[in-house]
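Work through the exercises below with the sequence and the model side by side. Each task is followed by a stepwise solution.

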Amino acid sequence: MKEFIAIFKNELYKTAKRPRTYIGFGVILFICLTLQAAFYNDGKEILSFFTNQIDNLFNVHGNVLNGNLICFLLLQTLIVQMPLLVALVTGDSVSGETASGTIRFLLATPASRSKIILAKWLSGLCYTLLLLALLGFMALVVSKWIFGSGDLMALNSEALTIIRADDINWRWAAAFIIAFLSLAVVASLGQMISCFIDNSITPIVSVMAIIIIFTIIGMFDLPSFDLIRPLLFTTHMISWKSLFEDPIPFSDIYFSCVVLIVHIVAFLGISIFYFNRKDILN
């Protein structure tokens, strides 16, 4: 156990030492602050245009442009970029060290190869968690501080749902848990591909290519894709939005979580299986 903890701490140190680690934090801060400033200056005009369209259906009162709405919009915007930010760090966790030769020093330690992969995987999850924590703080806490709290007008493809302010905090917590599972799949996929390839760039590009391909397949409502669409992890990465529907489709959300967890376990298992048999010396 001591060996594993030592390797895990070393992986955390290596992650913190790499300059690209901080790109993700910078991107989140920049986008959140930029959009918050834009909505602070121009949000009322944009929102008035929308509310004017629905005034003939019902009366809109209160603080509509509030922190909950801004957080909802920021999540929809940033959740698309987050997989790239995660892949930048986790995509070469093994291949980068294999290319540089430093992986041999790790293999010289008493720790098993499985423990090395687990330590790298957990380090990647810690980075992912920190990214989401920063996003949650900026998107929810800072937005509520700037715009105040209030009911959320959540617009999806089917309807406009009003979520009461006293019934929303648990939804945010659940939404960030699902977002973490989604990004954990990306981190696990990046590490798995990194075990198969011995250069730093290809695994990162491969992760993004897979996400793009799966996303495109999920976009087309074709009978040929009906069987595979529910099995693609990209189909379930935005399932957090279902928490802001009324009624909440809990069965669909549970299924999405199961699919995401199965992908995480499968990618991690393949990583351990292959790395234990990989010839590092060649």
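The protein exposes about 14,500 Å², and carbon and sulfur atoms supply 69% of that area. Accessible areas come from the Shrake-Rupley method with a 1.4 Å probe, and for residues only the protein chains shown count as cover. This is a predicted model: local features need pLDDT of at least 70, side-chain atom pairs count only at pLDDT 80 or more, and totals for chains, interfaces and linings use all residues. Residues are numbered from 1 along each chain as its sequence is written, and side-chain values use heavy atoms, with hydrogens and water left out.

**Exercise 1. Lay out the fold.**

Task: State how many helices and strands the protein has, and their order.

Solution.
- Step 1. Take helices (H or I, at least four residues) and strands (E, at least two) as DSSP runs, numbered from the N terminus.
- Step 2. The count is 10 helices and 2 strands.
- Step 3. From the N terminus the order reads α-α-α-α-α-α-α-β-β-α-α-α.
- Step 4. Turn to contacts (heavy atoms within 4.5 Å). Of those with a separation of 6 or more, 80% join residues 24 or more positions apart.

**Exercise 2. Is helix 4 mostly covered or mostly open?**

Solution.
- Step 1. Buried means under 20% relative accessible area, exposed over 50%, partly exposed in between (1.4 Å probe, protein chains only).
- Step 2. For the whole protein, 46% of the 282 residues count as buried.
- Step 3. Helix 4 spans residues 82–90, and 7 of its 9 residues are buried.
- Step 4. They are M82, P83, L85, V86, A87, V89 and T90. Helix 4 is thus mostly covered.

**Exercise 3. Look for disulfides.**

Task: Find how many disulfides the structure holds, then inspect C32.

Solution.
- Step 1. The criterion is a pair of cysteine sulfur atoms within 2.5 Å.
- Step 2. A search of the whole structure finds 0.
- Step 3. C32 is in no disulfide; its nearest cysteine sulfur, that of C71, is 8.6 Å away.
- Step 4. C32 is buried at 0% relative accessible area. C257 also counts as buried, at 17%.

**Exercise 4. Classify two aromatic pairs.**

Task: Say which geometry F4 and F8 adopt, and which W240 and F244 adopt.

Solution.
- Step 1. Rings of Phe, Tyr and Trp (its six-membered ring) pair if their centres lie within 6.5 Å; planes under 30 degrees apart are stacked, over 60 edge-to-face, the rest tilted.
- Step 2. The whole structure has 12 aromatic pairs.
- Step 3. F4 and F8 are stacked, at 6.5 Å centre to centre and 5° between the planes.
- Step 4. Both lie in helix 1 (residues 2–17), 4 residues apart, about one turn of the helix. An α-helix has 3.6 residues a turn, so residues three or four places apart point the same way.
- Step 5. The centres of W240 and F244 are 6.2 Å apart and the planes meet at 80°, so this pair is edge-to-face.
- Step 6. W240 is buried at 2%, and F244 at 1%. F72, W172, W240 and F244 form one aromatic cluster.

**Exercise 5. Map the core around L135.**

Task: Give the number of residues in the largest nonpolar core and the contacts of L135.

Solution.
- Step 1. A nonpolar core is a set of buried Ala, Val, Leu, Ile, Met, Phe, Trp, Tyr and Cys residues joined through side-chain atoms within 4.5 Å.
- Step 2. The largest has 77 residues; L135, L152, W172 and F244 have the most contacts inside it.
- Step 3. Not counting residues up to four places away in sequence, L135 touches I28, C32, L75, L78, M82, L140 and F176.
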